[in-house]
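Trainee: Please take one part of this model and go through it closely. I would like the helix packing first, then the loop beside it.

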Amino acid sequence: LNPSNREFYPIFILRQVVNFPVAVFIFLSAYLVNIDKIQSNTKGYYVKRLKRLMIPFFVWSLIYTIYSLIGQVIKGKQINIIKTLLNFITGRSSYQLYFILALIQLILITPLLIKGFKSKKIIMNLTWLITPLYILAVYIYAIVNGKIIPGYQTVFFSWFIFYNLGIYFKIRGVNLPKISVPKIVALLILS
């Protein structure tokens, strides 16, 4: 996408709408954490959560990488091993894997967020600015350089505000409203 192209802005805005289900998923991932288990066994939390994310991530990355390599061989293209490995590690083997990398980063900082929100330190108020400032920087970069930062969505900053909100609600005891099954189905269809 090129910001100097008139088609860029509607597509970029539409992308934000499409991101809504990912934002909800990330919010719920934070809201549903077991804070007591994390605080009593942080290492166990990391091992369990990272295994549950990294194994499927690597399996699917491998599948998509093999598929891509086969396609390149069939088309007679030269295979760039470094680029292939970089794509594998950075979640670019298949576009939809980006959110797993962002979630892994968020999981790594979860104990710090819990500690920060429980301590009610004033610095935690600044964490609400991370996502808006990052998105602003992404937009400015796109306008100035005529292109979007590659992989900008895989950095946890893009999703931090939603994860932060989930942890905040959990610690503050904010209950999510009960939503009937038909409303959930309707929201899923619309998303």
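Mentor: What follows covers three helices that pack on one another, and then a loop with its surroundings.

Keep in mind that this is a predicted model. Start with the whole chain. It has 9 helices and 0 strands. Read from the N terminus, the order of elements is α-α-α-α-α-α-α-α-α. Of the 191 residues, 34% are buried. Now take the contacts between residues at least 6 apart in sequence. Of these, 81% join residues at least 24 apart.

Two packed helices are described by the angle between their axes and the distance between the axes. Use that for each pair below.

Begin with H6 and H8. Helix H6 spans residues 98–119, and helix H8 spans residues 160–172. They pack at an angle of about 40°, and their axes are 10 Å apart. Angles under 35 degrees count as roughly parallel, and those from 65 to 115 as roughly perpendicular. H6 and H8 are therefore oblique to each other. Their crossing is right-handed. On the H6 side, the contact uses Leu103, Leu106, Ile107, Ile109, Thr110, Leu113, Ile114, Phe117 and Lys118. On the H8 side, the partners are Phe160, Tyr163, Asn164, Ile167, Tyr168, Ile171 and Arg172. By class, this contact of H6 with H8 counts 12 nonpolar, 2 polar and 2 charged residues.

Next, bring in H2, which covers residues 20–31. H2 packs with H8 at an angle of about 35°, with the axes 7 Å apart. The crossing of H2 and H8 is right-handed. H2 supplies Ala23, Ile26, Phe27, Ser29, Ala30 and Tyr31 to the contact. H8 answers with Phe162, Tyr163, Leu165, Gly166, Ile167, Phe169 and Lys170. Sorted by class, the contact of H2 with H8 has 10 nonpolar, 2 polar and 1 charged residues. Look at Tyr163 and Ile167 of H8. Both meet H6, and both also take part in the contact with H2.

The third pair is H2 and H6. Their axes come within 11 Å and cross at roughly 25°. An angle under 35 degrees counts as roughly parallel. H2 and H6 are therefore roughly parallel to each other. This crossing, too, is right-handed. Val22, Phe25, Ile26 and Ser29 of H2 touch Tyr98, Phe99, Leu103 and Leu106 of H6. The class count for H2 with H6 is 7 nonpolar, 1 polar and no charged residues. Some residues appear again here. Ile26 and Ser29 of H2 meet H6, and they also take part in the contact with H8. Leu103 and Leu106 of H6 meet H2, and they are among the residues of H6 that meet H8.

Now the loop. Helix H5 covers 81–89, and the loop between H5 and H6 holds Ser94. Ser94 has a relative accessible area of 10%. Buried means under 20%, so Ser94 is buried. The side chains of Ser94 and Gln96 are joined by a polar contact of 2.6 Å.

Thr90 lies in the loop between H5 and H6 as well. A polar atom of the Thr90 side chain is 2.6 Å from the backbone oxygen of Leu86. Set aside neighbours within four places in sequence, and Thr90 is in contact with Leu101 and Thr154. Leu101 falls within the residue range of H6, 98–119.

Finish on H5 itself, with Asn87. Not counting residues up to four places away in sequence, Asn87 touches Arg92 and Ser93. Asn87 and Ser61 are 26 residues apart in sequence. In space, their C-alpha atoms are 8.8 Å apart.

Conventions: Residues are numbered from 1 along each chain as its sequence is written. This is a predicted model: local features need pLDDT of at least 70, side-chain atom pairs count only at pLDDT 80 or more; totals for chains, interfaces and linings use all residues. Side-chain values use heavy atoms; hydrogens and water are left out. Axes are lines fitted to C-alpha atoms, for helices over the stretch in contact, and angles run from 0 to 180 degrees between N-to-C directions. Helices (H or I, at least four residues) and strands (E, at least two) are DSSP runs, numbered from the N terminus. Angles under 35 degrees count as roughly parallel, over 145 as roughly antiparallel, 65 to 115 as roughly perpendicular and the rest as oblique. A crossing is left-handed if the near helix is turned anticlockwise from the far one by less than a right angle, and right-handed if clockwise. Contact means heavy atoms within 4.5 Å. Ala, Val, Leu, Ile, Met, Phe, Trp, Tyr, Cys and Pro count as nonpolar, Asp, Glu, Lys and Arg as charged, and the others, Gly among them, as polar. Buried means under 20% relative accessible area, exposed over 50%, partly exposed in between (1.4 Å probe, protein chains only). A polar contact is a pair of N or O atoms within 3.5 Å; within protein, one must be able to donate a hydrogen and the other to accept it, and residues adjacent in sequence count only if both atoms are side-chain atoms.
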